[in-house]
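Please look through the structure below with the following notes beside you. They take up how some of the helices lie against one another.

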Amino acid sequence: MNDFPSLTVIKKDEGFGGIKLTNIIEVEKVSKQYHQREILKDVSFTIKKGSINGLLGPNGAGKTTIIRLLNGVIEANTGMMKVMNFDPKLQGDEIRKRVGIVTESASLYHDMTAWDNLVFFSKIYGHSDTKRITHLLEQFDMLDFKDQLVGSFSTGMKKRIALAKALLHNPNLLFLDEPTNGLDPEGINEVIHYLRKVNQEEGVTILICSHVLHQLETICDSYLFLIDGRIVENGTITELEDKYLKEIKLLVETGLKPLNSQIYKGYRYSRRGTNQLEFLLASKDQITPLLADILNESWVHNCEITNRSLEAIYFTIRGGRGIE
Ligand SMILES: Nc1ncnc2c1ncn2[C@@H]1O[C@H](COP(=O)(O)OP(=O)(O)OP(=O)(O)O)[C@@H](O)[C@H]1O
């Protein structure tokens, strides 16, 4: 445990976009029990500074427990954790000063205006700064609504104010617990848009807990899969695809009419619509030669890999059992 790596050491590995990144969170062999029941088992992972990460797993997997441990709200039974080089067991206050949290309930006062809520919480945080509040309301396109009661807002607007609240004290790290729950597709896209903005413009590292996989696909750099209190897999989507996507399903919109109803030039396919053929390929390397062959004979208007989703990968990891 004493050889736990220091955050000040630049790691050999390259980060996202080729930039060298340090780890902002390091977790090693952590377990947590409640009343002799093991909730987290031998959990180890790292989170790189500046990245957006999905902590994915079904209800009861232990996601919220991990967030609470990282914030020093509860203590691990065994193992080692470092958050920004602080030990949550001993230096929870230091961590909480530098971390923003958005929980499902958002904890806003519904009978107060957006502005008054943010002023109230910034005073509690000891960061009473109206410029920061105005900036955040602008960032989340809520300045025009600052004098309205939070209780009158849509779920999406409340989420935006909850995000602003979590960012009042300029945190380095943001934890989000099920941030898209209760939102319609438009609201989900909005939250994802704002999270990306916060990550890019303020350099905030983000850890998102969710059991809804497809919503996170467009935003996360890296994923952790937590099942029954264990991290069963982690990596970027490319790493996970390389490991788990053993067969590619390629849907091609084309005028091609192969003579054989099952095989075209050695590639297995099935017809999905008048101008749609779905090919089964052994790897991505077969896509270019297949398309070149088709284009020799006919037109192609579109093509897409249909089984590369995070959900498909999750099902492979989990052996076909559903996440929700
Ligand atoms: N204070 C507690 N005392 C006893 N058991 C607890 C306590 N907190 C959580 N648990 C149990 O630990 C397990 C993991 O809970 P946790 O809330 O971390 O899961 P989760 O992955 O966040 O689930 P969800 O997606 O439903 O929020 C659950 O079985 C839960 O009942």
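In this predicted model, does α5 pass α6 in a left-handed or a right-handed crossing?

1. The crossing of α5 past α6 is right-handed. Where these two helices meet, the axis of α5 and that of helix α6, which covers residues 185-202, come within 9 Å and cross at roughly 15°. Angles under 35 degrees count as roughly parallel, and α5 is therefore roughly parallel to α6.

2. As for the residues involved, α5 brings Thr155, Gly156, Lys159, Arg160 and Leu163 to this contact, where they meet Gly187, Glu190, Val191 and Tyr194 of α6. Sorted by character, the residues of the contact between α5 and α6 comprise three nonpolar, three polar and three charged.

3. Helix α5, made of residues 155-166, also has helix α3, residues 114-124, beside it, and the axes of α3 and α5 come within 10 Å and cross at roughly 25°. With the limit for roughly parallel set at angles under 35 degrees, α3 and α5 are therefore roughly parallel to each other as well. The crossing in which α3 passes α5 is right-handed.

4. On the α3 side, this contact is made by Ala114, Asn117, Leu118 and Phe121, while Ile161, Ala164 and Lys165 take part from α5. The residues of the contact of α3 with α5 comprise five nonpolar, one polar and one charged.

5. To follow these points in the model, you might start from α5, looking for Leu163 where α5 meets α6, and then for Ile161 in the contact with α3.

Terms used
Residues are numbered from 1 along each chain as its sequence is written. This is a predicted model: local features need pLDDT of at least 70, side-chain atom pairs count only at pLDDT 80 or more; totals for chains, interfaces and linings use all residues. Axes are lines fitted to C-alpha atoms, for helices over the stretch in contact, and angles run from 0 to 180 degrees between N-to-C directions. Helices (H or I, at least four residues) and strands (E, at least two) are DSSP runs, numbered from the N terminus. Angles under 35 degrees count as roughly parallel, over 145 as roughly antiparallel, 65 to 115 as roughly perpendicular and the rest as oblique. A crossing is left-handed if the near helix is turned anticlockwise from the far one by less than a right angle, and right-handed if clockwise. Two residues are in contact if their C-beta atoms, placed from the backbone, lie within 7 Å. Ala, Val, Leu, Ile, Met, Phe, Trp, Tyr, Cys and Pro count as nonpolar, Asp, Glu, Lys and Arg as charged, and the others, Gly among them, as polar.
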